[in-house]
Amino acid sequence: MKPIQKILIANRGEIAVRVIRTAKKMGIKTVAVFSDPDAQSLFVQSADEAFSLGGTDARSSYLDVEKVVKACLTTGADAVHPGYGFLSENTDFASQLEKHGIRFIGPKPHSIEAMGDKIGSRLLVAKSGVPVVPGYEGASQEISVFKKEAEKIGYPIMAKASAGGGGKGMRRINSPEELEAGILSAKREALSAFGDDRILLEKYITNPRHVEFQIFGDTKGNIIHLHERDCSLQRRHQKVVEETPAPRYPSDLKTKMSEAAVMAAKSVQYEGAGTVEFILGESGEFYFLEMNTRLQVEHPVTEMTTGLDLVEWQIRVCQGEALPQLQTPSQKGHAMEVRIYAEDPKEGFLPSIGRIHHLSFPTRDYLRIDSGVVSGSEITMFYDPMIAKMIVWGEDRITAIRRLVECLSETIVFGPKTNLQFLQKLVSAKEFAEGKVSTHFIADNEVELLSDNTKEELKLALSGTFFTSKELTSPWSKETT
């Protein structure tokens, strides 16, 4: 296959900067597309060329398939990297590019479509022997049918958008009395977010961990995994801290889950980078959650522990090259990532809009910062208010945590409010240091986590003596897998 000459990045912010960096390393020209509020952004300045999509919000710019395809044809881009979010899992977009002979740096449209439908993907992977959460994914969407199926599954249950992801269109339903309101609420949100109000039901797994596997496939039929990531620290189904290797994770369990992840990818003849996500129960039982057919926000922790450039792998696979290696690479050390946001944790984590007057990060050989903003950048109301992803590496997990606390404490942001103190408090918790948290840990301990850090607490964390309080609770504190 002919080498790629010019990549258009159909995205913005830190992931656009990230893709541009690798493309330049490979000698490939880049094109940035941008909306009106992003005209002066770092990613626009970093690319070799820039093309205005116009518009202010995502729907009138980055989500407009016709505009993005036109940008490709106008600039002569022969490939598109979609990043994550926006059009990265849009089957129509990938198909449109294919019709114009423009390569999509990602899986084939049929794989995106198969895994994008939560009902269809559950049925598909189950046929391949991958365990799925007990639930209902039938065609009928009648409330009376949902009631009968919920009784069979047993409460509590989770109503989930079939076409969804990112925590949208999800509702926990604890009893029959809550079912109708919960279903209708999930449907409304699903329709608004995805244009599809179909809902499936799943058994709600109490106190779960969230463990995912990075997988990679090529055009030759080879599929391997690049180890797991633990993303259990979440807030409203949004990941807050990601790490690899997963703590308190027996090797035999990892073997079973990695085999299931590869089976799920093989069920759709997967090509490129993808992530298979699982729910892990307290007794070691695990179930398929979903497959994201794109690069993940948290991919840097995999890169930090394997020494690989996953974007380069994506580009090479898209060019028809075989995977650089057909065995899972070894891991070295431990890596963690947190997302620094312009938001006010004490006001319900509302976005904090405005100019960043000053932004600085510490400099360490074990620290990586992925950011799309600099001093002087504007955080607008139109897009995700992420300031940066902070990724640290350590020889072991405790060293990585100490380094993360240290780097967070030395980060300076003048202008909008941020979640920096919240992150410091979170990763300094004794329960986190011991790997004894579930996806509910933040919600269960929000009052304590949102309280102000004391100088003594920060001093203890930096010294490696992690602090906690009697208010911090976690069911994973007992001895389990």
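This short presentation describes the fold, one buried strand residue and the internal spaces of a single chain.

Good morning. The model before you is predicted, and every value I quote is computed from it. I will begin with the chain as a whole. The chain contains 17 helices and 23 strands. Its C-alpha trace extends over about 60 × 55 × 45 Å along the principal axes. For 481 residues, a compact globule would be expected to have a radius of gyration near 23 Å; the chain has 22 Å, so the two agree. Of the 481 residues, 59% count as buried. If we take the contacts between residues at least 6 apart in sequence, 68% of them join residues at least 24 apart.

Let me turn to one of the sheets. Which order do its strands follow? The open sheet is built from 5 strands, arranged β3-β2-β1-β4-β5, and their pairing is parallel. Strands β3, residues 49–52, and β5, residues 103–104, stand at the edges; each has a single partner strand, so one side of each is left without a neighbour in the sheet. The partner of β5 is β4, residues 79–81, and 2 bridges join these parallel strands. Within that pair, A79 stands opposite R103 of β5.

Strand β2 of the sheet, residues 29–34, includes V33. Is V33 buried or exposed? Its relative accessibility is 1%, and V33 therefore counts as buried. Beyond its neighbours within four places in sequence, V33 is in contact with L8, I9, A10, N11, F43, F51, L53, Y62 and A71. One of these residues, Y62, lies 29 residues away along the chain, and the C-alpha atoms of V33 and Y62 are separated by 7.9 Å.

I now come to the empty spaces. Rolling a probe the size of a water molecule over the atoms shows where such space is left. How many cavities of 30 Å³ or more does the structure hold? There are 2.

The largest cavity has a volume of about 70 Å³. Its lining consists of R209, D230, S232, L233, V241, E243, P247, R397, F432, G435 and V437. Two strands, β11 (223–235) and β12 (238–244), each supply at least two of the lining residues, and the largest share, 3 residues, comes from β11. By class, the lining has 5 nonpolar, 2 polar and 4 charged residues.

The second largest cavity has a volume of about 30 Å³. Among the residues that line this cavity are H81, P82, G83, F104, I105, R294 and Q314. Here the classes are 5 nonpolar, 6 polar and 1 charged. Two of the strands already discussed meet this cavity, since H81 falls within the range of β4 and F104 within that of β5.

Finally, I consider the second largest pocket, whose volume is about 240 Å³. Which residues lie nearest its centre? Of the 18 residues in its lining, these are R103, F104, G106, K108 and C318. Helix α4 (91–99), strand β5 and helix α11 (310–318) each contribute at least two residues to this lining. The largest share, 3 residues, belongs to α4. By class, the pocket lining comprises 10 nonpolar, 4 polar and 4 charged residues.

To close, I return to β5: this strand stands at an edge of the open sheet, and it also supplies at least two residues of the lining of the second largest pocket. Thank you.

Technical notes:
Residues are numbered from 1 along each chain as its sequence is written. This is a predicted model: local features need pLDDT of at least 70, side-chain atom pairs count only at pLDDT 80 or more; totals for chains, interfaces and linings use all residues. Side-chain values use heavy atoms; hydrogens and water are left out. Two strands pair if DSSP finds at least two bridges between them. Helices (H or I, at least four residues) and strands (E, at least two) are DSSP runs, numbered from the N terminus. On a 1 Å grid over the protein atoms alone, a cavity is a set of points where a 1.4 Å probe fits but cannot get out, and a pocket is an open set with protein on both sides within 12 Å along at least five of seven lines; lining residues have an atom within 4 Å of a point. Grid points are joined across faces, edges and corners, and a volume is the space filled by probe spheres set on the points. Ala, Val, Leu, Ile, Met, Phe, Trp, Tyr, Cys and Pro count as nonpolar, Asp, Glu, Lys and Arg as charged, and the others, Gly among them, as polar. Buried means under 20% relative accessible area, exposed over 50%, partly exposed in between (1.4 Å probe, protein chains only). Contact means heavy atoms within 4.5 Å. The radius of gyration is taken over C-alpha atoms; the globule rule is 2.2 Å times the number of residues to the power 0.38.
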